[in-house]
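Please look over the sequence and the model below before reading on. The briefing that follows is arranged by topic.

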Amino acid sequence: MSSSPVLRLAPSILSADFARLGEEVRAIEAAGCDLVHFDVMDNHYVPNLTIGPLVCEAIRPHVSIPIDVHLMVEPVDAIIPLFAKAGANIITFHPEASKHVDRSLSMIRELGCKAGLVLNPATPVSVLDHVMDKLDMILLMSVNPGFGGQKFIPSTLAKLRLVRAKIDAHVAAGGQPIWLEVDGGVKTDNIAEIVAAGADTCVAGSAVFGVPDAGGGYKGVMQALRRAAHPG
Ligand code: DX5
Ligand code: ZN
């Protein structure tokens, strides 16, 4: 198993206090996270409505770490340039939400961002086959998208192993590195098996923001996740 010792933590601000978002993102960066995971929902592709480019632009000056924009919107092409302009560093979308996946991926990179595809629990890994060279990140959903606080779907582990092998083969053949992110229900009690299955980047929403930051709460969660990820 060639899982990497690297572990990037990406708190999802979906579970943050939206009334104090600037303060919340500063707190997670200070607590030692690697990315800000930014969930965009349109009440069309998913049955929920969240935040858009204006909010991305508003938090941008509050953090120096990359902003990882997860688009749960359909279609995607019109909104991609707005997020690039708003300071997004990584933009991922669901292949079902774009009529021309290759074109949408190219557009993200042309705008200077890293590009990625998001696979729902029922989306087959074969959607990656002809676009591996256009990907900087692959995000596997371990819940159905739309809400924070759901339970991790265990079949994601086998899918992670499959995609890890695909990425390793791609890199061994001279391809560019691709990050493997997992999103949904990541906690201290399952992160070890998630990382062992090949993930190098973990989103955590309710696990991080479910504790108060007062007294170092976020830092405590971040440390606990890292410790739990690599036991022994
Ligand atoms: C779900 C979102 C996730 C979610 C993760 O559609 O994409 O990023 O907020 O939250 P937890 O960690 O609570 O499952
Ligand atoms: Zn997400």
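Are His 37 and Asp 183 buried or exposed? In this predicted model, both His 37 and Asp 183 are buried, and the two residues are also among the protein donors of the zinc ion (ligand 2).

**The zinc site**

- The zinc ion (ligand 2) takes its protein donors from His 37 (NE2), Asp 39 (OD), His 70 (ND1) and Asp 183 (OD), which lie 2.1 to 2.3 Å from the ion.
- Along the sequence, these donor residues follow the spacing H-x1-D-x30-H-x112-D.
- Distant parts of the chain are linked in this way, with His 37 belonging to strand 2 (residues 36–41) and Asp 183 to strand 7 (residues 179–183), 146 residues apart.
- The arrangement around the zinc ion (ligand 2) is octahedral because its six donor atoms subtend angles of 68 to 169 degrees, given that six donors count as octahedral if opposite donors are over 155 degrees apart and all others between 65 and 115.

**Surroundings of ligand 1**

- Ligand 1 has 20 residues around it, of which Asp 39, Gly 146, Asp 183, Gly 205 and Ser 206 come nearest; Asp 39 and Asp 183 are also donors of the zinc ion (ligand 2).
- A polar side-chain atom of Ser 206 is placed 2.5 Å from an oxygen atom of ligand 1, while for Gly 205 a backbone N or O atom lies 2.8 Å from an oxygen atom of ligand 1.
- The side chain of His 37, a residue that also serves the zinc ion (ligand 2) as a donor, has an N or O atom 3.5 Å from an oxygen atom of ligand 1.

**Phe 38 in strand 2**

- Phe 38, which is found in strand 2, counts as buried because its relative accessibility is 0%, where buried means under 20%.
- Between Phe 38 and Val 203 the separation is 165 residues in sequence, yet 10 Å in space from C-alpha to C-alpha.

**Strand 5 and its neighbours**

- Strand 5 (residues 114–119) is largely enclosed by the rest of the structure, because five of its six residues are buried.
- Strand 5 pairs in the parallel sense with strand 4 (residues 90–93) over four bridges, and within this pairing Lys 114 of strand 5 is the bridge partner of Ile 90.
- Strand 5 also runs parallel to strand 6 (residues 137–141), to which four bridges join it; here the bridge partner of Leu 117 is Ile 138 in strand 6.
- Together with helix 4 (residues 101–110), strand 4 and strand 5 form a right-handed β-α-β unit.

Notes. Residues are numbered from 1 along each chain as its sequence is written. Chains are lettered from A and ligands numbered from 1 in the order in which they are written. This is a predicted model: local features need pLDDT of at least 70, side-chain atom pairs count only at pLDDT 80 or more; totals for chains, interfaces and linings use all residues. Side-chain values use heavy atoms; hydrogens and water are left out. Buried means under 20% relative accessible area, exposed over 50%, partly exposed in between (1.4 Å probe, protein chains only). Helices (H or I, at least four residues) and strands (E, at least two) are DSSP runs, numbered from the N terminus. Two strands pair if DSSP finds at least two bridges between them. A crossover is right-handed if, with the strands pointing away from the viewer, the path from the first strand over the helix to the second runs clockwise. Donors are N, O and S atoms within 2.8 Å of the metal (3.2 Å for Na, K and Ca); water is not among the atoms, so sites may look incomplete. Four donors count as tetrahedral if all angles lie between 85 and 135 degrees; four count as square planar and six as octahedral if opposite donors are over 155 degrees apart and all others between 65 and 115; anything else is irregular. A residue is near a molecule or strand if one of its heavy atoms lies within 4 Å of it. A polar contact is a pair of N or O atoms within 3.5 Å; within protein, one must be able to donate a hydrogen and the other to accept it, and residues adjacent in sequence count only if both atoms are side-chain atoms.
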